[in-house]
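Got your viewer open? Here is a short tour, one selection at a time.

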Amino acid sequence: MAITIKSPREIELMRESCKLLAKVHDDLGKAIRPGMTTWEIDKMGEKMIRDLGCVPNFLNYNGFPGSICVSVNEEVVHGIPSKRKVLKEGDIVSLDAGLIYKGYHSDSARTHAVGKISKECEDLIRVTEECFWEGVKYARAGNHLYDISNAIDAHATKHGYGIVRELVGHGIGTALHEDPQIPNFAQTRRGPKLYPGMTICIEPMINMGRADVEWLDDDWTVVAEDGLPSAHYENTILITEGDPEILTLL
Ligand code: MG
Ligand code: MG
């Protein structure tokens, strides 16, 4: 599949889809408390999305059983919401969510502290977000896709963190996952050129320890093999003639 360039009308629909998702993330983030189950977070998020007249795009995606991926501590991504999984003080929890508005997808992720967390976890969350911003600096027409990957890699590596390689960012539009794939680790080639009208998801997944991950027997949950915490930060962005637009931030 070729990389799609969105028309002005499509860009308007993407903007709206992403703005609605930003509101869902903000409200969900504020609701995080010790004692909640990851199932409650999912149900709350699904209701918010449906109340906006939208559809959760993760629900039933390749059979995923939730609307929000809720990944706790060493879980990197794709944590399945569960009534048995209770958040406790000191945990970190990554919420990955997306929705469909008038046929257009949005996708973003945040890692939140549950109550008071360690300095090490605070640093991990902050640096993961910084990795996104380092990548975004290169998300400009005329640059190449892997300029973004290289910038993310340089920042995470400087802090001694492991960069997850098995999962990557992606294009987005009328499908949740479109071309191109956007690795978070350094590439030897520069990759496709960036043009105005591309909408892409930049989403560093950064481990406190080693980069290696494994899949749990539920076939979904990706965990850090060494059991150390992992963080995730993602926004849907638009490449323009000038500065990139971060569509999933209010
Ligand atoms: Mg994504
Ligand atoms: Mg996502």
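Start at the metals of this predicted model. Select the magnesium ion (ligand 1) and the magnesium ion (ligand 2): they lie 3.1 Å apart, and Asp107 bridges them. Now add Glu203, which sits 96 residues from Asp107 along the chain. Asp107 belongs to strand S5, while Glu203 is in the loop between strand S9 (199-202) and strand S10 (205-207), so the pair links distant parts of the chain. Colour both by accessibility if you like: Asp107 is buried at 2% relative accessibility, and Glu203 is buried too, with a relative accessible area of 6%.

Stay with the magnesium ion (ligand 1) and show its protein donors. These are Asp107 (OD), His170 (NE2), Glu203 (OE) and Glu234 (OE), at 2.1 to 2.2 Å from the ion. Along the chain, the donors follow the spacing D-x62-H-x32-E-x30-E.

Next, select Ser106, which is placed in strand S5 (residues 104-113). Is Ser106 buried or exposed? Ser106 counts as buried because its relative accessibility is 0%, under the 20% cut-off. Display its side chain together with that of Ser17, and you will find a polar contact of 3.1 Å. Beyond its neighbours within four places in sequence, Ser106 is in contact with several residues, including Cys18, Leu21, Thr236 and Asn57.

That last residue makes a good final stop. Asn57 lies in the loop between strand S1 (55-56) and strand S2 (68-72), and is buried with a relative accessible area of 6%. Look for a polar atom of the Asn57 side chain 3.3 Å from the backbone nitrogen of Leu99. Among the other residues Asn57 touches are Gly98, Ile100, His105 and Leu176.

Technical notes: Residues are numbered from 1 along each chain as its sequence is written. Chains are lettered from A and ligands numbered from 1 in the order in which they are written. This is a predicted model: local features need pLDDT of at least 70, side-chain atom pairs count only at pLDDT 80 or more; totals for chains, interfaces and linings use all residues. Side-chain values use heavy atoms; hydrogens and water are left out. Helices (H or I, at least four residues) and strands (E, at least two) are DSSP runs, numbered from the N terminus. Buried means under 20% relative accessible area, exposed over 50%, partly exposed in between (1.4 Å probe, protein chains only). A polar contact is a pair of N or O atoms within 3.5 Å; within protein, one must be able to donate a hydrogen and the other to accept it, and residues adjacent in sequence count only if both atoms are side-chain atoms. Contact means heavy atoms within 4.5 Å. Donors are N, O and S atoms within 2.8 Å of the metal (3.2 Å for Na, K and Ca); water is not among the atoms, so sites may look incomplete.
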